[in-house]
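Visitor: I am new to this structure and would like to learn how to read it, one feature at a time. Could we begin with the overall build and then turn to the details?

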Amino acid sequence: MKVESRLLVGVALFFLVTGVGYWFWSYEQSGTVMLIGAVLLGMVPGGYYLWWSQRMKPRPEDRPDGTLEEGAGVIGAFPGSSIWPFVMAMGLFSCALAAVFGLWLLAPGFAAVFFAAIGYTVESRRGGTV
Amino acid sequence: MTLLQQRPPAGAGDHPEHAEHHDEPTFIVKWLTSTDHKVIGINYMVTAIVMFYLSGVMALAMRVQLSSPSGVGMSLQTYNELFTMHGSLMLYLFAGPFAFGGLANYIVPMQVGAPDMAFPRLNAFSYWLYLTGSITMLLGFLTSTGAAAFGWVAYAPLSTSTYSPGPGADLWIISLFLTGFSAVFTGVNLVATIFYLRAPGMTMWRMPIFTWNMLVTALLILIAFPVLTAAMVFLWTDRHLGTHIYTVAGGGVPVLYQNLFWFFGHPEVYILALPYFGIATEIIPVFSRKPVFGYKGLVFATLAIAALSTGVWAHHMFTTGTVLLPFFSLLSLLIAVPTGVKFFNWIGTMWRGQISFKTPMLFCVGFLLAFLMGGLTGVMLASPPIDFATHDTYFVVAHFHQVLFGTAVFAGFAGFYFWYPKMFGRMLHDGLGKAHFWTMFVGFWLTYLPQYVLGLHGMPRRIATYPSGLGWTALNMASTVGSFIIGASFLIMLVNLWVSWRRPVPAGDNPWDGHALEWFASSPPVHHNFEKLPPIRSERPTWDFNHPDARTIPHGRHAEHELVGAGASAARGDDTTGA
């Protein structure tokens with residue numbers, strides 16, 4: 001986890017230096033704001049990882065001598081095939097088209113997103129359909 | 001000794017009643033419901049290649065129009081629509097999704113030894129957003145006022161409702177909204193996969209460079225795409241809700257759009273380039289039969305390119321007169337340094353290797369040449385005096401086509417030829433592949449070299465007709481002929497696919513003697529990828545496994561750690577044959 005956290009904190013530090021330099025050289029607001037956003041993007045997850053990496057034992061994938069035996073067991077829960085991503089995307093598609101062709105498209109859009117959200121949740125509890 | 005360790009299938013044990021009872025769904029249901037990263041990756045690639053062909057046909061239509069000064073009678077509106085959609089399709093719907101959605105989806109989980117992406121359903125959702133976004137953009141052609149016609153950058157105020165009325169422009173805007181979310185979700189998914197699903201022993205410093213580049217690209221996407229989405233939302237509210245964010249009349253700032261757009265747009269160039277650098281870095285060592293030269297140098301060069309690329313956005317805006325020239329020029333010129341490091345490492349990898357010029361390697365060499373030319377003219381354009389003279393001329397057109405063609409097409413199809421056997425378990429015909437390469441290579445230079453000259457002669461971008469007395473005609477004709485040669489080369493690729501479909505030549509699991517973990521899986525890989533994994537003791541575990549007696553000479557600060565893997569006994573000199 002240490003390398004990952006250093007990577008993200010490094011992102012934050014780079015943009016901090018660039019952002020400060022850019023602001024005092026140009027006094028241009030939009031670019032500075034975006035660079036600050038980039039600092040946060042590195043800082044928030046990077047700080048979290050940094051905090052954890054000090055407190056956890058290195059995982060088998062963090063150690064050059066990690067062996068496959070150490071990683072045996074459940075890797076994670078992977079859902080099987082599911083129709084809900086498709087339904088949700090069609091709902092969002094419909095909502096997006098509402099911005100062009102008329103607000104009535106929001107109705108089927110929201111309905112699909114709503115049903116897909118329920119479908120996702122129920123499916124997670126069941127642990128996938130395949 | 002036990003070289004192989006079983007990793008039980010994911011999900012087994014946790015939900016035994018649901019694990020691994022496949023009634024393989026039929027084709028259409030499988031396509032609609034699959035959350036397998038391999039199926040989604042192939043979906044991405046197929047969609048992206050369809051977009052590539054569509055966009056290529058648009059390019060050919062434009063080249064026909066430009067082959068003579070007065071054109072062939074295409075209306076100006078149609079021409080504007082075509083170059084807008086050509087650029088948008090290529091940049092948003094082909095180059096990014098092909099590598100970052102398609103190849104990364106397929107290859108990255110396998111290279112880190114994972115059974116799937118971290119969030120398989122989010123992954124499927126990303127694909128569907130990408131597909132619907134693509135359809136949305138193309139829907140513009142079906143509206144009565146036509147597709148968007150304001151260029152792929154959609155500068156305000158040209159893209160406001162005053163100058164670009166009609167639903168085509170709106171469809172373009174929300175299409176970027178949908179595909180932008182798709183890219184962000186894929187980015188989150190890849191970062192989580194790389195951080196949490198690596199196999200034991202696969203430290204960050206042993207990940208293949210392709211995976212490293214995808215990680216860095218994902219971070220760039222997370223920095224850049226939200227800004228684009230925000231810019232598009234502002235543009236939409238300007239068009240429909242009467243806000244005046246980009247219009248001077250209401251107190252807005254048009255150049256804000258350019259700032260927002262290029263803060264996305266320049267990292268986007270590297271979002272399109274870094275994955276393809278990764279592909280080249282995977283292929284060159286395999287076909288040079290050497291480990292990659294300067295692994296850490298390549299990683300740090302990638303990080304440096306990515307970092308610098310977010311600080312150079314306004315070099316696209318030099319001529320607006322509102323940007324800090326020295327800052328942006330300095331950072332733009334600096335990018336040449338890490339890129340040069342990469343070139344050095346690629347050449348160092350080939351140096352004294354046993355190079356076999358199979359199709360993927362040929363495409364990679366083509367990539368090096370094309371990107372070198374595009375990159376060098378990019379360094380020229382980073383200098384404000386040259387940029388002022390050549391801005392919005394064909395010099396810039398030739399520059400970015402060489403950069404993007406070099407990466408997305410040369411390196412992209414190198415990756416396609418390289419991993420096709422893994423994905424489908426059958427080979428592509430090497431002779432036809434080489435014919436594809438050489439035709440495309442000739443067409444590529446014939447198309448774009450004349451455009452540099454045209455640009456230096458002052459031919460502006462985005463014109464459908466031009467005066468006949470300026471000496472531009474012959475060069476334009478040459479460029480048109482070149483573009484048709486490129487078009488022909490892609491027909492050869494279709495023939496190749498057809499041949500491989502009708503007369504399959506089985507590929508075996510590891511046809512190229514590959515290095516990374518994906519070549520350890522079967523071709524095509526089983527559900528959840530791996531029945532077993534080799535020990536991971538270097539950045540090329542599959543090669544170590546297949547060549548246990550190879551002498552590897554560890555070097556550097558961590559040489560002690562490197563001495564524990566397969567091949568280590570030989571390297572230590574105690575020839576006890578570990579296998």
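Guide: What follows goes from whole chains to single helices and then to the contact between the chains, and it should be kept in mind throughout that this is a predicted model.

Visitor: How many helices and strands are there in chain B?

Guide: Chain B has 18 helices and two strands.

Visitor: How does the radius of gyration of chain B relate to that of a compact globule?

Guide: The general idea is to set the value beside the one expected for a compact globule with that number of residues, which for 579 residues is near 25 Å. Chain B has 24 Å, so the two agree, and along its principal axes the C-alpha trace spans about 75 × 55 × 50 Å. Buried residues make up 57% of the chain, and among contacts in chain B with a separation of 6 or more, 80% join residues 24 or more positions apart.

Visitor: How is chain A divided, and what separates the centres of its domains?

Guide: Chain A is divided into domain 1, residues 2–71, and domain 2, residues 84–126, and the centres of these two domains, taken over C-alpha atoms, are separated by 34 Å.

Visitor: What should I look for in a helix?

Guide: An α-helix has 3.6 residues a turn, so residues three or four places apart point the same way. In chain B, helix α11, residues 359–381, reaches 33 Å from its first C-alpha to its last, close to the 33 Å expected at 1.5 Å a residue. Of the 23 residues of α11(B), 17 are buried, so this helix is largely enclosed by the rest of the structure.

Visitor: Where does helix α3 of chain B bend, and by about how much?

Guide: Helix α3 of chain B, residues 76–111, bends by about 55° at P97(B). α3(B) is mostly covered, with 31 of its 36 residues buried, and just after α3(B) comes G113(B), which takes a positive phi of about 80°.

Visitor: How many residues does each chain bring to the contact?

Guide: The size of an interface is often given as the accessible area lost when the parts come together. Here the contact can be described by its residues, 57 from chain B and 51 from chain A. On the side of chain B that touches chain A, the helices α1, α4, α5, α6 and α7 of chain B each supply at least two residues, and α4(B) gives the most, with eight. By class, that side of chain B has 34 nonpolar, 17 polar and six charged residues.

Key:
Residues are numbered from 1 along each chain as its sequence is written. Chains are lettered from A and ligands numbered from 1 in the order in which they are written. This is a predicted model: local features need pLDDT of at least 70, side-chain atom pairs count only at pLDDT 80 or more; totals for chains, interfaces and linings use all residues. Domain bounds come from an automatic or database domain assignment. Two residues are in contact if their C-beta atoms, placed from the backbone, lie within 7 Å. Helices (H or I, at least four residues) and strands (E, at least two) are DSSP runs, numbered from the N terminus. Ala, Val, Leu, Ile, Met, Phe, Trp, Tyr, Cys and Pro count as nonpolar, Asp, Glu, Lys and Arg as charged, and the others, Gly among them, as polar. The expected span of a helix is 1.5 Å times one less than its number of residues. A residue is buried if 20 or more other C-beta atoms lie within 10 Å of its own, exposed if 12 or fewer, and partly exposed in between; C-beta atoms are placed from the backbone. The radius of gyration is taken over C-alpha atoms; the globule rule is 2.2 Å times the number of residues to the power 0.38. The bend at a residue is the angle between axes fitted to the seven residues ending there and the seven starting there.
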